[in-house]
Amino acid sequence: MARADFKRTLKPGGLIVDKLKAYRDLHAHALFSSLGRLVASPFNSIMTIAVLAIAIALASGFYLIMKNFNQLAGNLETTAQISLFLEDGVSETEAKHYAEAIGRNPDVREVKLISREQAMAEFKTHSGFGNAISVLKTNPLPVVLQVLPRGGLEDKQKLERLLQTFRTEPYVDIAQLDLQWVERLHSILAVSQHAAALMNTLLACAVLFIAGNTIRLELHNRREEVIIARLVGATRSFIQRPFLYTGFWIGFISGIVAWFIVTVMMLILRQSVEKLSSLYNDFFHLLFFDFSETLLLILTASALGVVGSWVSLQFLLQEAKLE
């Protein structure tokens, strides 16, 4: 033994450091050699990654669609309001004072007054009866107060109490709040979320099976190499390591490709969706993956590749009696 090696063995932690370095080198070699094998067979690798990427893109696409639907539902809830149609004899000055009094209510976030002239102008614009309405000598439309409750539609009982309070006010002729469409919207969203969760579960299982089948083919092609390694004393972890890293690379690259597929599809749809929302006097922005969601997507795809490879290896090595 050389003097330098002898001194290193006497140094506290010297052997541990050497073992850690050797462990690191083994994993680095398995990591990059598995990537090299994928590059060496480009056609098979591209086909496998393409199928996995499409499956992952479908699952992540369902998630992104539900994210945008939830945003749309949140926007609709914030626009849900109580409409107060005032009595015909209420002047606009009295309506303004009444609106100020309503605005001081702690359960009210905002009050908007729509005068008779504004209501008539909107009715002429959107009803399609502009010429017929112009014949009328007087304006039959009342002053309207649009009351936006504080807290949106989270507490329906509070909204019902607020609505009943407005109905007893002397200035109010009709107080209207439609919650049925909101309940229907929430029911549709709940069903859609459950359906998306089931689809994502099925697609995750598909990713596991595809990754496992890829490792099965890889193990079949390298069977003689594995047998020789086992005969010369290679451990189980040494045999499994390159295959697990192959599953990691397949999942990792597939996750990145899936992110690009979903992002490009959303970019294609963005202009049409924003144009449609502008027709309803609203501007709806499509939501994309943020940094944390992108990272989670890639990590999940990589983990599915590793898990699928590991499960496949357990059955294949046992069946081949290479343990």
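## A briefing on buried and exposed residues

Glu 225 is partly exposed, with a relative accessible area of 39% (buried means under 20%, exposed over 50%, and partly exposed in between, with a 1.4 Å probe and protein chains only). The structure you are looking at is a predicted model, in which local features need pLDDT of at least 70 and side-chain atom pairs count only at pLDDT 80 or more, while totals for chains, interfaces and linings use all residues. Residues are numbered from 1 along each chain as its sequence is written, and side-chain values use heavy atoms, with hydrogens and water left out.

**The whole chain**

- Along the chain you can find 11 helices and 4 strands (helices are DSSP runs of H or I with at least four residues, strands are runs of E with at least two, and both are numbered from the N terminus).
- The chain has 323 residues, and 34% of them count as buried.
- About 20600 Å² of the chain is exposed, and carbon and sulfur atoms supply 64% of that area (accessible areas come from the Shrake-Rupley method with a 1.4 Å probe, and for residues only the protein chains shown count as cover).
- Among contacts with a separation of 6 or more, 80% join residues 24 or more positions apart (contact means heavy atoms within 4.5 Å).

**Salt bridges**

- How many salt bridges does the structure hold? There are 5, each one a side-chain nitrogen of Lys or Arg within 4 Å of a carboxyl oxygen of Asp or Glu.
- Glu 225 pairs with Arg 222, and their closest N and O atoms are 3.0 Å apart.
- Arg 222 also meets Glu 218 in a salt bridge, at 3.6 Å from N to O.
- Both Glu 218 and Arg 222 are buried; for Arg 222 the relative accessible area is 9%.
- Together with Arg 37, the residues Glu 218, Arg 222 and Glu 225 are linked in a network of salt bridges.
- Elsewhere, Asp 25 and Arg 24 join their side chains in a salt bridge of 3.4 Å, N to O. Asp 25 is partly exposed at 43%, whereas Arg 24 counts as exposed at 52%.

**Arg 116, a buried charge**

- Arg 116 sits in helix H5, which covers residues 116-127.
- Which side chain of opposite charge is nearest to Arg 116? That is Asp 88, at 5.1 Å, and Arg 116 has no salt bridge although it is buried (Lys and Arg count as positive, Asp and Glu as negative, while His and the chain ends are not counted).
- The side chain of Arg 116 does reach backbone oxygens: that of Asp 88 at 2.7 Å and that of Val 90 at 3.4 Å.
- Setting aside residues up to four places away in sequence, Arg 116 touches eight residues by name: Glu 87, Asp 88, Val 90, Glu 92, Asn 139, Leu 141, Pro 142 and Val 143.

**Helix H11 and its surface patch**

- Val 311 belongs to helix H11, residues 291-319, and is partly exposed at 34%.
- Val 311 joins Val 307, Trp 310 and Phe 315 in a nonpolar surface patch of about 400 Å². Patches are made of residues with over 30% relative accessible area and no salt bridge; like charges are joined within 9 Å, and nonpolar side chains (Val, Leu, Ile, Met, Phe, Trp, Tyr) within 5 Å.
- Ser 302 is also in helix H11, but counts as buried, at 5% relative accessibility.
- Beyond its neighbours up to four places away, Ser 302 touches Gly 247, Phe 248, Gly 251 and Phe 252.

**Partners from far along the sequence**

- Where is Phe 289 placed? Look in the loop between helix H10 (236-279) and H11.
- Phe 289 counts as buried, at 13% relative accessibility.
- Although Phe 289 and Leu 64 are 225 residues apart in sequence, their C-alpha atoms are 7.4 Å apart in space.
- Besides Leu 64, the residues that Phe 289 touches include Ser 60, Tyr 63, Trp 259 and Val 262.
- Arg 216 is found in helix H8, residues 180-221, and is partly exposed at 38%.
- Between the C-alpha atoms of Arg 216 and Leu 317 there are 9.9 Å, with their positions 101 residues apart along the chain.
- Leaving aside neighbours within four places in sequence, Arg 216 is in contact with Ser 312 and Leu 316.

Note on methods:
A polar contact is a pair of N or O atoms within 3.5 Å; within protein, one must be able to donate a hydrogen and the other to accept it, and residues adjacent in sequence count only if both atoms are side-chain atoms.
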